[in-house]
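Me: I am new to this structure and would like a close look at a single part of it. Please take the surroundings of the ligand.
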Amino acid sequence: MQKEEKDTAGVESLMTKVYDPPENFKAQAWVNDDSPYKKADEDFEGFWAEAAEQNVTWFKKWDKVLDDSNPPFFKWFTGGKLNISYNCIDRHLATPRKNKAAIIWESETGATRTITYQEMYYEVCRFANVLKNLGLKKGDIATIYLPMVPELAIAMLACCRIGVIHSVVFAGFSSGALQDRIEDSNSKLLITCDGNFRRGKPLAMKINADEAMKNCPTIENCIVVKYNGMDIQMQDGRDHWWGEIIADAKPECEPEHMDAEDILFILYTSGTTGKPKGVVHTTGGYLTGVALTHKWVFDAKEEDTYWCSADIGWVTGHSYILYGPLANGATSVMYDGSPDYPERNRWWSMVEKYRVNIFYTAPTAIRAFMKWGPQWPEKHDMSSLRLLGTVGEPINPEAWLWYYKHIGGERCPIVDTWWQTETGMIMVTPLPGYTPLKPGSATKAFPGVHVDIFKDEETERPQAKTKGRLAITKPWPAMLRTLYNDDQRYIDTYWSRWGGKAYIAGDGAFFDDDGYLWVPGRIDDVMNVAGHRLSTMELESALVAHEAVAEAAVVGKTDEFKGQIPVAFVILKDGFDPSDELEGDLKKFVRTKIGPIATPAAVRFTRDLPKTRSGKIMRRLLRDLEEGKPPGDVTTLRDPTIVDEISEIVKAHPTGSK
Ligand code: WTA
């Protein structure tokens with residue numbers, strides 16, 4: 001431990017140190033000079049047209065690269081026809097990739113399955129035929145609520161083979177969250193499993209699905225994968241076992257010729273209201289964006305084994321476990337389980353076992369490993385690694401340096417990638433054979449991506465080198481097209497400031513003197529808990545649904561390991577008294593309404609909340625109190641005395657993740 005302390009001392013100076021690409025890495029990299037940046041600057045549309053031509057196989061070429069006639073409803077590659085499952089599978093079958101592993105899967109139990117591209121073709125075609133036999137057609141929506149099993153990848157690819165839109169719901173969400181997402185999308189089919197494993201214990205999924213389906217009359221069929229073997233109810237006529245329904249399905253299915261702008265998927269994400277937003281992604285631009293970024297950012301080569309440790313239930317998994325890697329004919333590792341089960345070396349044992357070359361994870365995981373100590377990775381030969389990546393939240397320089405040293409052996413460049421569910425693809429990132437790295441900075445916009453900083457008070461493009469809102473000033477191919485069934489919310493949320501001149505990401509950011517971008521965090525009411533996006537409003541609406549709660553305010557408290565943790569402040573209704581038991585009840589209530597990731601670290605009972613005279617809750621002030629910071633000017637409050645009261649309550653019971 002003493003050694004570690006010494007290593008991370010003087011981080012300030014290391015923060016300003018620049019890490020040049022190693023010569024041997026540079027020599028072999030896809031990109032090792034500034035030519036792509038120059039090309040994209042000289043000819044923006046030409047750059048993206050070339051990317052679409054070189055990375056995607058089209059049944060029919062597009063008529064127009066970018067249609068910007070109706071902003072902010074931009075369209076890319078209009079008139080083009082393609083199929084994503086064809087791009088991710090069929091086109092590899094006439095090459096030496098035919099019997100290459102597309103997915104290497106491992107479960108927490110140790111079970112493994114390797115699916116070659118040829119096998120993937122049969123599995124996907126069979127499941128696409130199952131969907132057709134159940135009457136699903138192009139444009140219908142299927143909700144997929146599965147853990148990280150191979151069937152999840154198969155189901156997604158089968159949907160896009162026949163033009164069914166998928167809406168994947170993270171397996172860690174509970175029945176309430178699942179129900180909201182099914183209801184909003186009116187989906188006809190639910191694909192789930194009996195249950196999952198979590199640290200050796202069974203975890204129910206079909207039971208949650210049953211709970212949700214009770215209130216979702218649009219669901220006509222439910223396909224159930226047998227995974228953990230737990231006892232479940234199957235409803236006659238509605239529920240079908242995956243293994244049985246696929247048994248007689250034909251292993252051939254023609255891919256639908258999809259329009260470039262046909263919807264590929266909806267993915268719900270947290271916004272600043274209680275209702276999750278259905279982010280809509282389409283086909284041609286999305287595939288172009290994820291295929292090119294996967295190739296250049298991860299410097300993906302034919303012989304690499306690539307592992308992104310995210311869950312497919314989040315956008316990272318959609319873009320960089322499934323679609324980007326498979327479009328490039330890569331071998332993608334898929335792991336269902338905890339990083340520390342049965343021991344804290346699980347991930348590193350898998351890096352050694354599969355000779356993983358490229359590894360992409362979240363800073364929150366790195367901080368956990370940092371806490372557990374370097375003895376766990378040191379047990380393993382990880383010399384196969386040649387590139388590391390991070391995503392989901394800012395990485396603190398200490399964690400960056402630990403990752404660089406103890407995982408990458410001071411040999412591997414680290415790509416810190418900034419992007420969002422809405423952007424579909426990586427937007428700000430180093431290109432590892434070209435960009436000098438600064439620990440903690442996502443560095444520069446990807447070629448063909450235009451990022452700037454906008455200030456609230458300014459209406460024109462401001463000075464770049466000041467802190468402000470991260471904005472994207474030109475459309476990009478993998479951008480969201482709208483929010484499902486809510487064009488107005490799409491405009492209001494992302495484009496209303498500055499008269500539609502820029503997409504507003506919701507993050508605060510600044511450029512340093514070298515033009516490097518730093519993104520310290522969100523500046524809206526969205527929290528980032530262990531790399532997961534959660535809205536304070538979503539938690540607040542869950543809390544006020546409890547019989548004892550009159551009013552609630554939730555804030556994200558800065559946390560050493562998880563980035564942020566939710567803390568709830570609650571006013572009780574008359575007749576209810578604060579108690580440890582009620583705190584426990586409320587935590588459990590949120591857990592069952594949304595999911596374990598949303599569980600508040602503390603519930604604070606208070607007489608009132610700090611409100612302005614117009615009644616607006618000052619969440620920022622609550623966060624300051626929770627973090628032990630001086631609350632600043634409180635004279636604008638309706639009742640300034642509440643600040644001291646809350647401060648006492650917070651001091652009596654400090655919080656923090658373990
Ligand atoms: C944050 C995940 C700093 C940011 C792909 C963004 C980051 C939100 C980074 C999107 C990064 C993601 N540095 N912050 N490299 N990557 N974020 O939609 O606040 O789950 O707005 O997409 O995560 O989260 P989402």
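How many residues surround the ligand, and which are the closest?

Reply: This is a predicted model, in which local features need pLDDT of at least 70, side-chain atom pairs count only at pLDDT 80 or more, and totals for chains, interfaces and linings use all residues. Residues are numbered from 1 along each chain as its sequence is written, and side-chain values use heavy atoms, with hydrogens and water left out.

The ligand is surrounded by 17 residues, a residue being counted if one of its heavy atoms lies within 4 Å of the ligand. The closest are D416, T417, T421, D507 and R533. By class, this shell has six nonpolar, six polar and five charged residues. Here Ala, Val, Leu, Ile, Met, Phe, Trp, Tyr, Cys and Pro count as nonpolar, Asp, Glu, Lys and Arg as charged, and the others, Gly among them, as polar.

Some side chains can be paired with oxygen atoms of the ligand. For D507, a polar side-chain atom lies 2.5 Å from a ligand oxygen. In R533, a side-chain N or O atom is 2.8 Å from an oxygen atom of the ligand, and for Q420 the corresponding distance is 2.9 Å.

The protein buries 96% of the 530 Å² that the ligand exposes when taken alone; these accessible areas come from the Shrake-Rupley method with a 1.4 Å probe. Two or more residues of the shell come from each of α13 (315-327), β20 (414-417) and β25 (517-522). Such helices (H or I, at least four residues) and strands (E, at least two) are DSSP runs, numbered from the N terminus.

Definitions and conventions: A polar contact is a pair of N or O atoms within 3.5 Å; within protein, one must be able to donate a hydrogen and the other to accept it, and residues adjacent in sequence count only if both atoms are side-chain atoms.
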